[in-house]
Amino acid sequence: RSQLEGVSEALHVVSLALENNQTCLQLWLLYLRLYSRQNEADRADYNEVCERALENQPNYQLFCIVSYL
């Protein structure tokens, strides 16, 4: 199994957790960190994902992470 496959599987698990915990800061931070490790082609909608994260968890720490990535 490649590293990218592992990232994809982890993203899937975290996305399932976010379905029930959309305001959980730790899940969003993990999701964005994993999302940024994908191939560039798979990150085409990264800005939309960041916007969704900030809508659900308007936290300064999350904003800083989003701005940095």
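The exercises below go through a predicted model of one protein chain, each with a worked solution.

Residues are numbered from 1 along each chain as its sequence is written. Local features need pLDDT of at least 70, side-chain atom pairs count only at pLDDT 80 or more, totals for chains, interfaces and linings use all residues, and side-chain values use heavy atoms, with hydrogens and water left out.

**Exercise 1. The chain as a whole**

Task: State how many helices and strands the protein chain has, and what share of its residues is buried.

Solution. Begin with the elements: helices (H or I, at least four residues) and strands (E, at least two) are DSSP runs, numbered from the N terminus. The protein chain has 4 helices and 0 strands, in the order α-α-α-α from the N terminus on.

Next, the cover. Buried means under 20% relative accessible area, exposed over 50%, and partly exposed in between (1.4 Å probe, protein chains only). Of the 69 residues, 29% are buried. The chain exposes about 4,900 Å², of which carbon and sulfur atoms supply 47%; the area comes from the Shrake-Rupley method with a 1.4 Å probe, and for residues only the protein chains shown count as cover.

Last, the contacts (heavy atoms within 4.5 Å). Among those between residues at least 6 apart in sequence, 46% join residues at least 24 apart.

**Exercise 2. Helix α2 and the core**

Task: Find which residues of α2 are buried, and which element gives the largest share of the largest nonpolar core.

Solution. Count first: 8 of the 11 residues of α2 are buried, so that the helix is mostly covered. They are L25, L27, W28, L29, Y31, L32, L34 and Y35.

Then turn to the core. A nonpolar core is a set of buried Ala, Val, Leu, Ile, Met, Phe, Trp, Tyr and Cys residues joined through side-chain atoms within 4.5 Å. The largest one has 17 residues, and Y31, L32 and L62 have the most contacts inside it. The elements giving two or more residues to this core are α1, α2 and α3. The largest share, 8 residues, comes from α2.

Finally, look at single residues. L27 counts as buried because its relative accessibility is 17%. Beyond four places in sequence, L27 touches V14, A17, L18 and N21. L18, in helix α1, is buried at 7% relative accessibility and touches L27, W28 and Y31, again not counting residues up to four places away. With the same neighbours left aside, L62 is in contact with L25, W28, L29, L32, A53, L54 and Q57.

**Exercise 3. The two sides of α3**

Task: Decide where on α3 the buried residues lie.

Solution. List the buried residues of α3: Y46, V49, C50 and A53. They cover an arc of only 100 degrees around the axis, so they lie on the same side of α3; the arc is that of the directions from the helix axis to the C-beta atoms. An α-helix has 3.6 residues a turn, so residues three or four places apart point the same way. On the other side of α3, N47, E48, E51 and E55 are exposed.

**Exercise 4. Aromatic pairs**

Task: Count the aromatic pairs and classify the pair of Y35 and Y46.

Solution. Apply the rule: rings of Phe, Tyr and Trp (its six-membered ring) pair if their centres lie within 6.5 Å; planes under 30 degrees apart count as stacked, over 60 as edge-to-face and the rest as tilted. The count comes to 3 aromatic pairs. The ring centres of Y35 and Y46 are 5.7 Å apart and the planes are at 25 degrees, so this pair is stacked. It links distant parts of the chain, with Y35 in helix α2 (residues 25–35) and Y46 in helix α3, 11 residues apart. Both Y35 and Y46 are buried. Ring pairs join W28, Y31, Y35 and Y46 into a cluster.

**Exercise 5. Two loop residues**

Task: Say whether Q57 is buried or exposed, and do likewise for T23.

Solution. Place them first. Q57 is in the loop between α3 (46–56) and α4 (60–68), and T23 in the loop between α1 (3–20) and α2. At 13% relative accessibility, Q57 is buried; T23, at 55%, is exposed.

Then check what joins them. A polar atom of the Q57 side chain lies 2.3 Å from the backbone oxygen of T23. Leaving aside neighbours within four places in sequence, T23 is in contact with N56 and Q57, while Q57 touches T23, C24, L25, W28 and L62.

Technical notes
A polar contact is a pair of N or O atoms within 3.5 Å; within protein, one must be able to donate a hydrogen and the other to accept it, and residues adjacent in sequence count only if both atoms are side-chain atoms.
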